Amino acid sequence: MQVTIHDKAGFCWGVVRTVDIAEETLSKSEINKQNTYILGHIIHNPKEIERLENRGLKTISHKDLEDIALNDPSANIIIRAHGEPPSTYKKTEELGLSVIDATCPLVTNLQNRVRKYYELGYQIIIFGKRDHAEVIGLRGVCNDECIVIKTLDEAKQITDFGKQTVFMSQTTMDKHIFHDVKEYLDSKINNLIDLGEIDNKLIGRDTTCRAVTSREEPMLEFAKSNDVMIFVSGKDSSNGKSLYNSCLKVNPKTHFIEDISDIDLNWFAGAEKVGISGATSTPQWYMEKVKQFIESEFNN
Ligand code: SF4
């Protein structure tokens, strides 16, 4: 059996950057005898979380900040790649906590765009998941004055286009659905323009991340070229779910796993070629372990 890890798999550059910042902070903290905390899980991958927690990284939630300010004031607080709303920066500043900002630059850029359109008085529609950390940050920069939708059906519920409207996406959403929704909003707004009810066209900005979208095509080719495809990802990863579903469409023998123990050896019956790939938050080292496990079961 030939087992191959897709050459485009592994962390995206934004996750590499965040993990590097965390490791660098942990090394300095060790020398300075400080604690390093991170607001929310560093990435949507339990294996990498466990690795960094073993190095000393402590995952906390917002409600822990006051307690840390009181009992551990010299600690470092890392903000993860998803970013945070302005209220978090205000709170940590008021509490006198030292913040290390590891927000992905693409997310910062998107926050700046949302803020700009908000200040210009636009109606803002975001394609995303309302309670996803990145979207909480985006809602924060526009004072929660935006509409968040995650399906075409939800887009159809929007009836008021009296204001100039801008449509943007959470970075890790499915770009195909984004474009379907954009097409619907475009035609709806163009109809209203033709009827003379409004006079501004939709501004649509595809802000899905290229680090995710650019791996889809080669990953689908890879999925098709293997008899069985093992997709390794944290269950909470948005891009993991989206990429897995795309692979499943082209290769029905695609299986989602978070842990090696999720593997069912019956999946490989009759398979000669097995492919392994994952989300932008799936570490290379864990895919190597999955590969070793499959090889040890079938190639010894
Ligand atoms: S997926 Fe894109 S936006 Fe998200 S961390 Fe990676 S590079 Fe940044």
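These are my notebook entries on a four-stranded sheet and the helices beside it in a predicted model.

**Ground rules.** I number residues from 1 along each chain as its sequence is written. As the model is predicted, local features need pLDDT of at least 70 and side-chain atom pairs count only at pLDDT 80 or more, while totals for chains, interfaces and linings use all residues.

**The sheet.** I looked up the strand order and found an open sheet, β7-β6-β8-β9, with parallel pairing. Here strands are DSSP runs of E with at least two residues, helices are runs of H or I with at least four, and both are numbered from the N terminus. β7 (147–149) and β9 (203–204) are at the edges with a single partner strand each, so one side of each has no neighbour in the sheet. Next I checked β6 (residues 123–127) and β8 (residues 165–169), which pair in the parallel sense over five bridges; pairing takes at least two DSSP bridges between two strands. Gln123 stands opposite Thr165 in β8.

**Helices on the sheet.** I then saw that α5 lies across β6 and β8, at about 170° to β8. Angles run from 0 to 180 degrees between N-to-C directions, with axes fitted to C-alpha atoms, for helices over the stretch in contact. Helix α8 (residues 175–194) also packs on the sheet, touching β6, β8 and β9.

**Helix to helix.** My last stop was α5 (residues 105–119) and α6 (residues 133–141), whose axes come within 8 Å and cross at roughly 30°. They are therefore roughly parallel to each other, a label for angles under 35 degrees.

Methods. Angles under 35 degrees count as roughly parallel, over 145 as roughly antiparallel, 65 to 115 as roughly perpendicular and the rest as oblique. Two residues are in contact if their C-beta atoms, placed from the backbone, lie within 7 Å.
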